[in-house]
Amino acid sequence: MRILGIDYGDKKIGLAFGDSDAGVAVPLDVVPNNGEETILIFSEKAKSEDINLIVVGVPLSTGEHHDGVQLEKTRKFISSLREVVEIPVKEQDESFTTADSIRLQKEDGATADEDALAAMLIIKSYFARITEVTSD
């Protein structure tokens with residue numbers, strides 16, 4: 001299954017690609033958040049890239065980078081996205097992905113933007129969750 005991972009932000013959105021058959025996820029790009037225009041671009045990208053699933057990180061844990069307002073904004077984005085794409089859009093907890101992406105840059109020398117790295121980590125968390133569910 002081909003997956004588009006999204007790390008949603010008010011100003012910019014991190015993107016990653018994942019393949020569940022191969023169990024890989026890679027950071028792609030960061031795009032500006034231009035509201036409805038961006039949602040339409042994602043819809044077209046899903047079609048042109050033969051994406052089967054979109055996984056969007058949601059801030060389920062509160063803390064320095066997360067609060068209820070951001071959760072509400074992210075869920076509104078997800079709702080708008082679901083209205084225009086013809087494939088499933090799922091939520092995945094994104095707690096600590098920003099901190100982990102910064103760590104990847106500092107400790108492992110990752111050169112991708114932290115938002116794209118966060119999107120990659122969202123996909124990896126999704127893989128771990130679905131593997132956990134299917135192994136039970």
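Here are some short exercises, with worked solutions, on the predicted model above.

**Exercise 1. Work out how many helices and strands the chain has, and in which pattern they follow along the sequence.**

Start with the tally: there are four helices and five strands. Now walk along the sequence, and you get β-β-β-α-β-α-β-α-α. To round off the overview, look at burial, where 40% of the 136 residues count as buried. The chain exposes about 7500 Å², with carbon and sulfur atoms supplying 49% of that. As for contacts with a separation of 6 or more, 62% of them join residues 24 or more positions apart.

**Exercise 2. Lay out the sheet: in what order do the strands sit, and which are the edge strands?**

Step one is the order. The five strands make an open sheet, 3-2-1-4-5, with mixed pairing. Step two is the edges: strand 3 (24-32) and strand 5 each pair on one side only, which makes them the edge strands. From one strand to the next, the twist averages 25°.

Step three is to go through some of the pairs:

- Strand 2 and strand 3 run antiparallel, paired over eight bridges; Gly18 sits opposite Ala25 of strand 3.
- Strand 1 and strand 4 are parallel, with four bridges; Ile3 faces Leu53 in strand 4.
- Strand 4 and strand 5 are parallel too, over five bridges; Val58 has Asp93 in strand 5 as its bridge partner.

**Exercise 3. Decide whether the two faces of strand 4 are covered or open.**

First, count: six of the six residues in strand 4 are buried. Then sort them by side. Leu53, Val55 and Gly57 are on one face, Ile54, Val56 and Val58 are on the other, and all of these are buried. So both faces are covered, given that buried means under 20% relative accessible area.

**Exercise 4. Check the length of helix 2, then find what covers its buried residues.**

Helix 2 (residues 68-84) has 17 residues, so at 1.5 Å a residue it should span 24 Å. The end C-alpha atoms lie 25 Å apart, which agrees.

Next, list the buried residues of helix 2: Gln70, Leu71, Thr74, Phe77, Ile78, Ser80 and Leu81. Their cover includes strand 1 (2-7), strand 2 (12-19), helix 1 (36-48), strand 4 (53-58) and strand 5 (89-93).

**Exercise 5. Find the largest nonpolar core and say which element gives the largest share of it.**

The general idea helps here: in soluble globular proteins, nonpolar side chains tend to be buried together. In this model, the largest nonpolar core has 19 residues, and Ile6, Ile54, Val56, Phe77 and Leu81 have the most contacts inside it. Two or more residues each come from strand 1, strand 2, helix 1, strand 4 and helix 2. The largest share, four residues, belongs to helix 2.

Zoom in on Ile54. Skipping residues up to four places away in sequence, Ile54 touches Leu4, Ile6, Leu81, Val85, Ile87, Pro88, Val89 and Lys90. Another core, of 13 residues, lies apart from the largest one, and its members include Ala16, Leu53, Val55 and Tyr126.

**Exercise 6. Is Thr38 buried or exposed, and what does Thr38 contact?**

Thr38 belongs to helix 1. Its relative accessible area is 3%, so Thr38 is buried. Leave out neighbours within four places in sequence, and the contacts of Thr38 are Ile13, Val31, Pro32 and Asn33.

Key: Residues numbered from 1 in each chain as written. Predicted model: local features only at pLDDT ≥ 70, side-chain atom pairs only at ≥ 80, totals over all residues. Heavy atoms only, no water. Buried < 20%, exposed > 50% of the residue type's maximum accessible area, 1.4 Å probe, protein only. Contact = heavy atoms within 4.5 Å. Areas by Shrake-Rupley, 256 points an atom, 1.4 Å probe, with all protein chains shown as cover. Expected span 1.5 Å × (residues − 1). Core = buried A, V, L, I, M, F, W, Y, C linked by side-chain atoms within 4.5 Å. Pairing = 2+ DSSP bridges. Axes fitted to C-alpha atoms, helices over the stretch in contact; angles between N-to-C directions.
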